Structures are given as C-alpha cells and as structure tokens.
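Work through the exercises below with the sequence and the coordinates side by side, and try each task before reading its solution.

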Amino acid sequence: MSAAVRLTDLTLGYRRHPAVHHLSGGFADGSLTAVVGPNGAGKSTLLKAISGALKPLDGRVALQGLTARDIAYLPQQAEVDRSFPIDVIDTILLGHWRRVGPFRAVGQELRSQAEEALALVGLSGFERRPIAALSAGQFQRALFARMLLQDARLILLDEPFTAIDARTTADLLAVVRRWHGEQRTVVAVLHDFEQVRAHFPETLLLAREPVAWGRTVDTLTSANLARARAMAESWDERAGPCRRGMP
C-alpha cells in the first residue's frame with residue numbers, strides 16, 4: 001500500500017532540543033496505527049508535526065496527496081479550552097468549518113449531519129447542553145462527533161481514551177473501527193497495550209528514537225518494551241541540541 005504520510009530522517013523538538021530523533025518510515029494509506037512509548041518519548045510531538053502544528057528541526061513530513069483540510073487532529077483533552085460559552089451542537093457544527101467558511105449559513109442539511117453524528121456517538125438530546133457542563137467522557141464523544149463531520153482522510157488522535165469510562169471508550173473505539181473500515185488513515189497515541197493489541201493492527205514504539213514499527217504482534221514484544229524502558233531511563237534531559245544533519 002502507498003504511504004499517506006512519509007517521514008524522512010525526522011527530528012522534532014523545541015528550542016533545538018529534540019523530542020524525536022531521526023525517525024523514518026510511513027503510515028500506509030488506510031492503516032490503523034497506535035503510537036506508544038514511555039512518557040516523554042515524543043509521541044504527542046510527532047502528531048503535532050504530522051498535523052502541521054510543529055515545524056521539524058530536521059528531515060521532513062510528506063503528506064501524499066493530502067492537504068490541511070484532509071487532516072483531523074484531536075489533541076489531549078487538557079489542551080482544549082472548555083471555558084468558551086458554546087453548546088454541544090455548535091461545537092459539532094465547527095466540523096463543517098473548512099468546507100463552509102465563516103460566512104456561509106449553516107442550513108438544515110448540515111445541521112442534520114451534526115445531529116446524526118451526535119446520535120452515532122451517543123449524545124442525542126445533548127444538543128443545547130453547554131460544553132462546560134459535560135463530563136470528560138461526554139466531551140470526548142462531542143469531539144469525536146465533530147471529527148465525523150470533518151470527513152478527513154487522515155485522523156490523528158492524541159490519547160483519545162485517557163480518563164474516560166469503559167463504555168465511552170468502547171463506543172469511541174467503534175467509531176475508530178468505522179473510520180478504518182472506510183479506509184481512512186488513523187494514527188492514535190495510546191498507553192494501554194492490551195487495547196492496542198486488541199484493536200490496532202500496526203504499532204510504532206517510540207522512545208524519542210524508533211524502537212520498532214510494524215505489525216503490533218511483532219512490535220509489542222517483551223524485548224522491544226524492555227529496550228524502550230532502558231532508553232527512557234538513559235535519557236539526559238540536560239543534553240544539548242542534536243547536531244546530526246543540522247546547520
């Protein structure tokens with residue numbers, strides 16, 4: 001299969017201090033991939049680079065036949081401001097933003113699509129509920145509904161099941177399987193290895209550097225996980241900027 005996203009000698013970080021070192025590989029078109037690894041391994045940083053929110057220090061991210069409007073990116077809940085006074089249905093309708101822009105009115109067809117997305121994630125009847133009044137699980141359902149409206153070909157999820165209940169997790173995993181069945185490319189940062197083994201055919205094990213990348217059954221081995229832990233324990237947070245390939 002062709003790669004929807006191709007990474008070439010990719011180095012990412014902040015103030016020239018890398019969080020990801022020299023990563024090369026690709027996410028196949030229509031693939032469903034988990035990104036796992038120790039805390040601070042660069043997983044979220046990688047998603048930000050793929051989404052275009054973070055510029056590489058070195059190397060490149062190539063999107064094959066994709067533009068910004070083809071990407072849906074869901075950050076961690078802690079990064080989402082819920083204080084803005086907006087209700088659920090208007091939050092969902094923001095999924096139409098890239099297609100309708102700021103000046104086109106939202107007609108009944110688009111509103112009906114939003115209501116269908118809410119029903120699919122189990123939030124029918126919550127249309128006029130303020131988002132600040134939602135539980136963590138309900139809010140995550142609303143964000144998934146918004147992503148359904150984006151109709152994106154590349155879907156990036158950063159810890160989408162953290163701090164939500166088991167029923168919500170199961171319902172949202174069903175949405176992820178739906179996207180995979182529609183041949184969309186899905187990349188998700190996850191921590192639960194059993195969840196990864198059960199639902200994600202491909203896995204990237206990252207510890208700032210790639211440890212293993214391929215079929216989940218081949219990647220999440222005891223040897224690879226031990227290697228990732230050892231690499232995390234040897235990190236030097238005081239190390240200077242990475243120089244290889246950089247001016």
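Helices (H or I, at least four residues) and strands (E, at least two) are DSSP runs, numbered from the N terminus. The model is a predicted one, in which local features need pLDDT of at least 70 and side-chain atom pairs count only at pLDDT 80 or more, while totals for chains, interfaces and linings use all residues. Residues are numbered from 1 along each chain as its sequence is written, and side-chain values use heavy atoms, with hydrogens and water left out.

**Exercise 1. A loop with positive phi angles**

Task: Locate A163, and decide whether it is buried or exposed.

Solution: Begin with the position, which for A163 is the loop between β6 and α6. Next, consider the backbone: A163 is not a glycine, yet its phi is positive, at about 65 degrees. For accessibility, buried means under 20% relative accessible area, exposed over 50%, and partly exposed in between (1.4 Å probe, protein chains only). A163 has 68% relative accessibility and therefore counts as exposed. E159 lies in the loop between β6 (154-158) and α6, and although E159 is not a glycine, its phi is positive at about 50 degrees. With 19% relative accessibility, E159 counts as buried.

**Exercise 2. The faces of helix α4**

Task: Compare the span of α4 with the expected one, and state which of its residues are buried.

Solution: The expected span of a helix is 1.5 Å times one less than its number of residues. Helix α4 (residues 108-120) has 13 residues, and its first and last C-alpha atoms lie 18 Å apart, close to the expected 18 Å. The buried residues of α4 are L110, A114, A117 and L118. They cover an arc of only 100 degrees around the axis, which puts them on the same side of α4; the arc is that of the directions from the helix axis to the C-beta atoms. On the face turned away from this buried side, α4 carries the exposed residues Q108, E109 and E116. After α4 comes G122, with a positive phi near 85 degrees.

**Exercise 3. Helix α9 and the surroundings of N224**

Task: Find which elements the buried residues of α9 pack against, and then describe the polar contacts of N224.

Solution: The twelve residues of helix α9 (residues 222-233) should span 16 Å at 1.5 Å a residue, and the 17 Å between its end C-alpha atoms agrees with this. Its buried residues are N224, L225, A228 and M231. Seen down the axis of α9, these fall within an arc of 120 degrees, so they line one face of the helix. Their packing partners are α7 (193-199), β8 (202-207), β9 (209-215) and α8 (216-219), where contact means heavy atoms within 4.5 Å. The face of α9 turned away from the buried side bears the exposed residues S222, A223 and E233.

Now turn to N224, which is buried with a relative accessible area of 16%. Leaving aside neighbours within four places in sequence, N224 is in contact with L205, V211, A212, D218 and T219. A polar contact is a pair of N or O atoms within 3.5 Å; within protein, one must be able to donate a hydrogen and the other to accept it, and residues adjacent in sequence count only if both atoms are side-chain atoms. The side chain of N224 reaches the backbone oxygen of D218 at 3.4 Å, and a polar atom of that side chain lies 2.9 Å from the backbone oxygen of T219.

**Exercise 4. Aromatic pairs**

Task: How many aromatic pairs are there, and which residues form them?

Solution: Rings of Phe, Tyr and Trp (its six-membered ring) pair if their centres lie within 6.5 Å; planes under 30 degrees apart count as stacked, over 60 as edge-to-face and the rest as tilted. The count comes to two aromatic pairs. F27 and W213 form a tilted pair, 4.9 Å centre to centre, with 55 degrees between the planes. F27 lies in strand β2 (residues 17-28) and W213 in strand β9, so this pair ties together parts 186 residues apart in sequence. F27 is buried, with a relative accessible area of 1%, whereas W213 is partly exposed, at 26%. F144 and W179 form a stacked pair, 5.6 Å centre to centre, with 20 degrees between the planes. This pair links F144 in helix α5 to W179 in helix α6 (residues 166-181), 35 residues apart, and both F144 and W179 are buried.
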